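Trainee: I'd like to go through the labels on this model and ask what backs each of them. Can we take a few in turn?

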Amino acid sequence: MEGAKIVAVGPRLEMEREYKGARKVARPNSILIPGLINTHAHIPMSLLRGIADDKRLQDWLESYIFPAEARNVTKEFCYWGTMLGCLEMMLSGTTTYADMYYFEEEIARATKEAGLRGVLGQTIIGFPVADAKTPADSLARTEAFFKQFANDDLITPAVAPHAMYTNTKETLQACRRLANQYKRPLLIHVSETKRENDDMFGKHGKSPVQTLADWGIFDGLTVAAHVIWVDDKDITTLVAKRVGIAHCPSSNMKLASGFAPVVKQLAAGLHVGVGTDGPAGSNNDFHLIEEMDLAAKLAKIHAMDPEVLPARTALEMATVHGAAVLGMSDKIGSLEAGKLADMVFLRSDSSNMVPSFDPYSTIVYAAKGADVTDVYVNGEAVVSSSRPVKLQSAKILAQARGYQQKVVLSLSQKR
Ligand SMILES: [Zn+2]
């Protein structure tokens, strides 16, 4: 590689003959893969990890998450939560992630310090939240965020209307206009629960996908998270609108949201990436290797057919599909000359990695986050020999424990 880019990929002897590198990094017992792409997360919620498990989505949101957020989410909370999340993501092989939360400029600051790539969506939601009193305030914050990170080599600012059921038609359309004006992505939760679909049918007489399409919300780069309760007509619409899908298997299982029809979606020509969601309760970690493994297995049990989503497809979902979902196919997602050098070394000499008959099977079904040894973003090492290069783990963990005490205290106080 040269600077941030990959110059060539090939057999070692050929590469050594053709190129004289200034520096050589030898990793003889390793598998080199593209940096993994997490297409859906709420990174500062790492500080609320496991705050309320084993609940229904609406109960979990309304009884636990929204109150905990109302009392605790500040700029500092978002900064340190992002630091914790970035530490976990990089140590388990993620180089790019998409986020939907508040104070995204703080999330961007922390992500840059960590050295990771982020598609960061400022949340727009129909009630007062930590960083804004109204959706209009949030939209103004988003525009300022777009301007602040107009030309950044790591951060792609985005707008993230939380969902259809938490925003009005007018707000959603304002989000789309703003995203298109600045040529930025729009991130949104779509058809996550059956209840969401039933409510929207009751209100609009159509599915969330059809309603959002009619309102023009998909007319521009869109990343739709979950997309579980969709029928064939919805899938056809999503294909026509080129909507990218963020499939979150852990979250869908843990909240019992349902089986996302990912095999149908892929067959129809949609790009389907993998996301962790969470980690406050919908999933308690940010390990993308685990999500690939679960994406493959969940599709198999849904279809009662082990052939429907093979290991290679699962790896493609977490790499090339993920890049396409985020509108970054020309830059990341594969190890090719001309692309940015976002890459991950997995050790191939740990007990769970030997023997290896098929590299795809090894990576998706046998590898663990702990097998990640080295991670590069833009050609720069962010993890070296299983240690973060730019982040101080001890300091971040101490902050996270401090926030745990604050959160517990805040929830014990009556309002
Ligand atoms: Zn989510």
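Mentor: Sure. Start right after α6, where Lys-183 follows with a positive phi, near 55 degrees. Bear in mind that this is a predicted model.

Trainee: How do you know that the length of α6 fits a helix?

Mentor: Helix α6 covers residues 169–181, 13 residues, and at 1.5 Å a residue it should span 18 Å. The C-alpha atoms at its ends are 18 Å apart, so the two agree.

Trainee: Which residues of α6 are buried, and what covers them?

Mentor: The buried ones are Thr-171, Leu-172, Ala-174, Cys-175, Arg-176, Leu-178 and Ala-179. Their cover includes β4 (117–124), α5 (135–148), β5 (155–161), β6, α8 (208–214) and β7 (222–226).

Trainee: What makes α4 "largely enclosed"?

Mentor: Eight of the eleven residues in α4 (residues 104–114) are buried, so the rest of the structure largely encloses this helix. Among those buried residues are Glu-104, Glu-105 and Glu-106, along with Ile-107 and Ala-108. The cover here includes α3 (75–91), β3 (94–101), β4, α5, β5 and β12 (380–384). After α4 comes Gly-115, with a positive phi near 90 degrees.

Trainee: On to the metal. Why is the zinc site called irregular?

Mentor: The angles among its four donor atoms run from 82 to 174 degrees. Tetrahedral would need all angles between 85 and 135 degrees, so that label fails, and the site is put down as irregular.

Trainee: Which atoms coordinate the zinc ion?

Mentor: They are NE2 of His-40, NE2 of His-42, NE2 of His-189 and OD of Asp-277, at 2.1 to 2.5 Å. Along the sequence, the spacing of these donor residues reads H-x1-H-x146-H-x87-D. His-42 and His-189 link distant parts of the chain: His-42 sits in the loop between β2 (36–41) and α2 (57–72), His-189 in strand β6, and they are 147 residues apart. Both of these histidines are buried.

Trainee: Why is Ser-46 called buried?

Mentor: The cut-off is under 20% relative accessible area. Ser-46 is at 3%, so it counts as buried. This serine is in the loop between β2 and α2, and its side chain reaches the backbone oxygen of Gly-81 at 2.8 Å. Leaving out residues up to four places away in sequence, Ser-46 touches Gly-81, Leu-84, Gly-85, Pro-279 and Phe-286.

Trainee: And what makes Thr-193 buried?

Mentor: Same test: its relative accessible area is 11%, and the label needs under 20%, so Thr-193 is buried. Thr-193 lies in the loop between β6 (186–190) and α7 (194–204). Its side chain reaches the backbone nitrogen of Glu-196 at 3.0 Å. Beyond its neighbours within four places in sequence, Thr-193 is in contact with Leu-57 and Trp-229.

Trainee: How many disulfides are there?

Mentor: The count is zero. Take Cys-86: the nearest cysteine sulfur belongs to Cys-78 and is 12 Å away, and Cys-86 is in no disulfide.

Trainee: How do you know that Cys-248 has no bonded partner?

Mentor: A disulfide needs sulfur atoms within 2.5 Å. The closest cysteine sulfur to that of Cys-248 is in Cys-86, 18 Å off, so it is too far for a bond.

Trainee: Are Cys-86 and Cys-248 buried or exposed?

Mentor: Cys-86 is buried, at a relative accessible area of 0%, and Cys-248 is buried at 0% as well.

Conventions
Residues numbered from 1 in each chain as written. Predicted model: local features only at pLDDT ≥ 70, side-chain atom pairs only at ≥ 80, totals over all residues. Heavy atoms only, no water. Helix = DSSP H or I, 4+ residues; strand = E, 2+ residues; numbered from the N terminus. Buried < 20%, exposed > 50% of the residue type's maximum accessible area, 1.4 Å probe, protein only. Polar contact = N/O pair within 3.5 Å; in protein donor to acceptor, adjacent residues only side chain to side chain. Contact = heavy atoms within 4.5 Å. Donors = N, O, S within 2.8 Å, 3.2 Å for Na, K, Ca; no water. Tetrahedral: all angles 85-135°; square planar, octahedral: opposite > 155°, others 65-115°. Expected span 1.5 Å × (residues − 1).
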